[in-house]
Structure formats: structure tokens, C-alpha cells
Amino acid sequence: MTRVVLELDPQRLGVGLAPDNIPVLLYGSSTTVPGAGVIGNDLRGRFERLGVPPSRQAMDLVAVAMAVTAADTFVLRDEAADGWRREIEIDLPVVEPDRWSALEPLLATTLGFLSGDSWSFAFRGGGLPPPSVLDVRHRAAIDPSRIDAIALFSGGLDSGLGVMDLLDAGIRPLLVSHAPRGDKTYQSAVASLLSPQPQRFEFNSYPSRDGATEITTRTRSFLFLTFAALIAQAVRSFRGATTIDLYMCENGLIALNPPLTARRIGALSTRTAHPHYLSLIQQLFDAIDLGVRINNPHRHETKGEMLARRVKKQPAMANFASSTVSCGNWKRKNMQCGRCWPCSIRRSSFHHAGLADDTTYETVNLIDALKEDDYRDDIVSIHTALRRRYERGLKSWVMQSGPLPNDATERAALYGVVERGMDELESFFASHGLSV
């Protein structure tokens with residue numbers, strides 16, 4: 001088990017720890033302690049820019065999420081016994097340690113499903129309290145009186161289409177973006193194309209430590225959701241509302257993300273918007289009285305259906321849609337690859353909607369990717385999944401993604417969206433000469 005110990009006080013960082021423990025300075029920018037990491041320097045000031053102070057519970061929630069992000073970044077999967085599943089213990093200060101100690105089983109279950117790791121927590125007092133009302137009023141960067149809901153905004157096609165739907169419905173969303181290095185530019189470019197222009201709020205946790213870091217970061221959505229929930233709780237408090245919606249707009253196929261191959265079963269496939277994960281997060285939000293309701297209004301739609309519906313309303317969508325980023329590999333060459341699972345679903349949505357795709361892709365012709373050893377795995381995995389869904393049955397395949405809701409109608413809708421999404425992919429692959 002790897003123990004990650006977080007401190008607010010730089011003077012206490014690393015004191016009394018075993019050599020294999022990882023000390024992390026919370027809300028710190030740098031440290032001279034050997035082997036130590038830092039995280040959250042950008043966030044400390046962000047808490048003061050919301051127009052109203054967040055609650056103690058919300059502050060603690062984000063501290064937990066940053067601790068998780070630090071551990072997920074600094075603890076290497078290569079050093080796990082099986083090369084994947086890590087055993088991680090987090091020791092961190094919070095404002096309300098008794099509350100969080102009682103919530104440890106729910107936290108461990110939620111994060112275990114999301115990342116595939118074993119998580120445990122030790123909570124102690126001394127966490128960062130909310131900023132004062134005076135500090136918040138003087139530094140406010142948003143106007144909570146003009147916000148009806150919060151929407152996660154990644155600069156991807158789904159989040160962009162989802163925001164357009166909210167604006168059409170007369171909802172004034174605050175767009176919250178997790179903007180790590182490289183993402184901010186395209187997120188701002190996509191947001192600038194929205195009309196009317198919603199308010200936006202960006203953040204970055206900036207985890208940093210000398211040496212190798214883990215690149216899989218399966219828990220990244222945990223920090224994204226929890227920081228957005230902190231903002232939502234503050235806005236709800238300002239408005240005097242009982243609840244406020246937090247929109248996570250994701251098409252149903254990507255949300256469920258059934259494993260393409262046996263090698264990707266479990267958390268080897270991302271579970272960022274899986275309904276079981278979101279239900280666990282909702283339980284956590286409810287347990288700490290945030291008054292925040294997670295809503296994915298597109299869980300029953302394919303990406304192609306989302307785009308086609310928007311094109312009917314707004315035919316000149318090619319520029320906006322092509323400006324978004326869906327690729328999981330784009331940072332490698334500052335270009336969307338055109339062949340990974342997210343890119344294939346993206347391209348199939350343009351194909352389904354009959355919309356010109358002006359995106360620049362590294363791989364344009366899928367058959368060309370089959371000739372390259374470094375590229376062919378994605379195409380072969382997707383093509384195999386398209387074929388095997390007929391052989392093994394769609395329902396059993398979808399259930400490999402994780403537990404589904406008990407409601408029969410909801411389950412049927414989720415099975416249906418996966419089937420239609422795969423139909424879109426099959427049609428797109430056939431257009432490239434890769435029939436099933």
C-alpha cells in the first residue's frame with residue numbers, strides 16, 4: 001500500500017514519514033522537500049471569486065478530490081502487483097474530520113469503481129476553511145444572480161451541444177472548465193462560438209512532483225465534478241434555492257463505455273459519466289447536504305442523434321462542431337488522431353448527421369491506420385466490438401461496463417442507446433470499406 005500524506009503547512013511537509021510515503025503540499029506551488037509533490041495552488045484563490053463563500057462541506061469535498069488527484073498522479077500503476085490495481089491510503093486535513101470518516105466506505109466504493117484501485121482514508125482536523133464573506137465580495141469573478149445552473153464544459157462536442165440546448169431552454173448556465181495545460185486555448189475558442197455568451201469559470205489543480213507520473217488518471221472526472229459542485233453549492237446558497245442542477249452532458253454510448261475487448265473490462269475503460277458512478281457521486285453530494293443534483297440529459301441519445309437534432313435547428317453547424325475536441329490522444333501531436341474510440345464516435349456522428357467534418361485528423365482513412373503497427377489497435381478493437389455484439393449479445397456486453405439502474409425502462413433506454421450508437425459506428429466504418 002502506498003500512503004499519500006497531505007499538509008497545508010509547508011513546515012510540516014514530510015515530517016515523520018516513512019521513506020516510501022509520498023508527502024504532498026495542499027494548495028502549494030512549490031516545495032524543496034525531497035520526493036514531495038504539490039497540488040492546488042491555483043484553487044486557493046478561486047474559492048474567493050464566487051460571489052459567496054462555499055460551505056465547509058464543499059471545501060472539504062474539493063480537498064478530498066485534490067488528494068485523490070495527487071495520489072492518482074503520483075502513484076504509478078507500473079509499481080502495482082498486477083501492473084494496474086494500486087492500494088492507496090490518503091491522509092489529509094479537513095474541516096470536519098468526523099463527517100468524512102463516516103463517509104469513507106462510500107468514498108472508497110465510488111473511487112474503486114472509477115479507477116479500479118483500492119482506496120482508504122485517514123481524516124484529521126486542520127483543513128482549509130471557507131474564505132470570508134468580505135474576501136469573496138471583493139474578488140468576485142462571476143455574478144451568481146445571473147446563473148440558473150452549472151454545466152461542465154470541456155470544449156468537447158457533447159458539452160458544447162448540451163450548452164446550446166440549455167441556452168435554447170432559457171437556462172443561464174455557468175460553464176465550469178477544468179483547464180490543464182493545452183486545453184484552455186481550444187476551450188475558450190469553442191466557448192466564444194456560443195450565443196448568447198454564458199459566464200465561465202476555469203480552474204486547474206496543477207499536480208506536480210519530480211520524477212515519473214501516472215498518465216492514466218482515471219479519477220480526473222472526480223475533481224471536475226466536485227469543484228463544479230462547490231461552485232453550484234455557492235450559487236444555490238446565494239439564490240436561496242433548495243437544489244441546483246449540475247449538468248454533465250455526455251452521449252449515452254460514451255457514458256456507458258462498454259469494453260471494446262476483454263483487456264478493457266472494468267476500470268481499464270473510463271467510467272467518467274457511467275450512470276452507476278454518477279449515482280454514487282450523487283449519494284456523496286446528498287450525504288454532505290450540497291443541494292446539488294447531477295443531470296445528464298443526453299444519456300439516452302447517441303452523439304449522432306445529438307448532432308443531427310442540432311443541425312435541424314441550426315444547419316450551419318460545421319464550424320462549431322469541427323472546432324470541438326473529442327480525441328483522447330490529441331496532446332501527443334496537437335491534433336486529433338481520427339482513429340481512437342472517442343474520435344471514431346465523433347466521426348460517426350458527423351456521418352450520421354450528414355454534416356461536413358472539417359476537423360483536421362492525423363488519420364483520415366481508417367484503412368490506412370491498419371497498415372501502421374502503432375495505429376491499428378484502435379481500429380481493430382472497434383471493428384471487433386462491432387462484430388462481436390452480434391455474437392455475444394448486446395445486453396451482456398453493456399453490463400460488463402458496470403451495474404445498471406434497477407428501473408426496467410431506464411435499462412431498456414440504455415441498451416437502446418448503445419445499440420443505435422454502434423449502428424452509427426458500423427455505418428461509418430462501412431463507408432471506409434470496413435464492413436462487419
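**Pockets, rings and local contacts**

Q: Which elements each supply at least two residues of the lining of the second largest pocket?
A: This is a predicted model, and in it the lining of the second largest pocket draws on both helices and a strand. The elements that each supply at least two residues are α9 (252–256), α10 (275–287), β11 (292–295) and α18.

Q: Which element gives the most to the lining of the second largest pocket?
A: The pocket has a volume of about 320 Å³. It is lined by 18 residues, and those closest to its centre are P275, L278, S279, I294 and R299. By class, the lining has 10 nonpolar, 5 polar and 3 charged residues. With 5 residues, the element that gives the most is α10.

Q: How many cavities of 30 Å³ or more does the structure hold, and how much space lies in the largest cavity?
A: Cavities are a separate matter from pockets, because a probe that fits in a cavity cannot get out. The structure holds 1 cavity of 30 Å³ or more. The space in the largest cavity comes to about 30 Å³.

Q: Which element gives the most to the lining of the largest cavity?
A: The lining residues are N251, L253, T302, K303, I345, S348, G421, E424 and L425. Sorted by class, they are 3 nonpolar, 4 polar and 2 charged. Two helices, α14 (341–353) and α18 (408–431), each supply at least two of the lining residues. With 3 residues, the top contributor is α18.

Q: How are the rings of F203 and F224 arranged in their aromatic pair?
A: The model has 9 aromatic pairs. In the one made by F203 and F224, the ring centres are 6.5 Å apart and the planes meet at 55°. The cut-offs are under 30 degrees for stacked and over 60 for edge-to-face, so an angle in between is called tilted. The F203 and F224 arrangement is therefore tilted.

Q: How many residues apart are F203 and F224, which link distant parts of the chain?
A: F203 belongs to strand β8 (residues 199–203), while F224 belongs to helix α8 (residues 220–239). Along the chain they are apart by 21 residues.

Q: Is F224 buried or exposed?
A: Its partner F203 has a relative accessible area of 1%, so F203 is buried. F224 has a relative accessibility of 15%. The cut-off for burial is under 20%, so F224 counts as buried.

Q: What kind of aromatic pair do F428 and F429 form?
A: The two ring centres of F428 and F429 lie 6.2 Å apart, with 75° between the planes. Both residues are buried. Planes over 60 degrees apart get their own class, so the F428 and F429 pair is edge-to-face.

Q: What is the phi of Y27, a residue other than glycine?
A: Y27 sits in strand β2 (residues 22–28) and is buried at 6% relative accessible area. Y27 also joins F47, F201, F203, F224 and F227 in one aromatic cluster. Its phi is positive, near 65°.

Q: How far is R46 from the ring centre of F201?
A: F201 is one of the residues in the aromatic cluster that includes Y27. R46 lies over the face of F201. The distance to the ring centre is 5.7 Å.

Q: Which ring does the charged end of R77 sit over?
A: This is another arginine placed over a ring. The charged end of R77 is 3.8 Å from the ring centre, and the ring belongs to W84.

Q: Which residue's backbone oxygen lies 2.8 Å from the side chain of T110?
A: T110 is in helix α4 (residues 104–115) and, at 1% relative accessibility, is buried. A polar atom of the T110 side chain lies 2.8 Å from the backbone oxygen of L106.

Q: Which residue's backbone nitrogen does the side chain of Q199 reach?
A: Q199 is in strand β8, and its 14% relative accessibility makes it buried. At 2.8 Å, its side chain reaches the backbone nitrogen of D143.

Q: What is the omega of the peptide bond from S195 to P196?
A: P196 lies in the loop between α7 (184–191) and β8. The bond from S195 to P196 is cis, with omega near -5°.

Q: What separation is there between the C-alpha atoms of E426 and H383?
A: E426 lies in helix α18 and is partly exposed at 21% relative accessible area. H383 is 43 residues away along the chain. Their C-alpha atoms are separated by 8.1 Å.

Notes
Residues are numbered from 1 along each chain as its sequence is written. This is a predicted model: local features need pLDDT of at least 70, side-chain atom pairs count only at pLDDT 80 or more; totals for chains, interfaces and linings use all residues. Side-chain values use heavy atoms; hydrogens and water are left out. On a 1 Å grid over the protein atoms alone, a cavity is a set of points where a 1.4 Å probe fits but cannot get out, and a pocket is an open set with protein on both sides within 12 Å along at least five of seven lines; lining residues have an atom within 4 Å of a point. Grid points are joined across faces, edges and corners, and a volume is the space filled by probe spheres set on the points. Helices (H or I, at least four residues) and strands (E, at least two) are DSSP runs, numbered from the N terminus. Ala, Val, Leu, Ile, Met, Phe, Trp, Tyr, Cys and Pro count as nonpolar, Asp, Glu, Lys and Arg as charged, and the others, Gly among them, as polar. Rings of Phe, Tyr and Trp (its six-membered ring) pair if their centres lie within 6.5 Å; planes under 30 degrees apart count as stacked, over 60 as edge-to-face and the rest as tilted. Buried means under 20% relative accessible area, exposed over 50%, partly exposed in between (1.4 Å probe, protein chains only). A charge sits over a ring if NZ of Lys or CZ of Arg is within 6 Å of the ring centre and within 35 degrees of the ring normal. A polar contact is a pair of N or O atoms within 3.5 Å; within protein, one must be able to donate a hydrogen and the other to accept it, and residues adjacent in sequence count only if both atoms are side-chain atoms.
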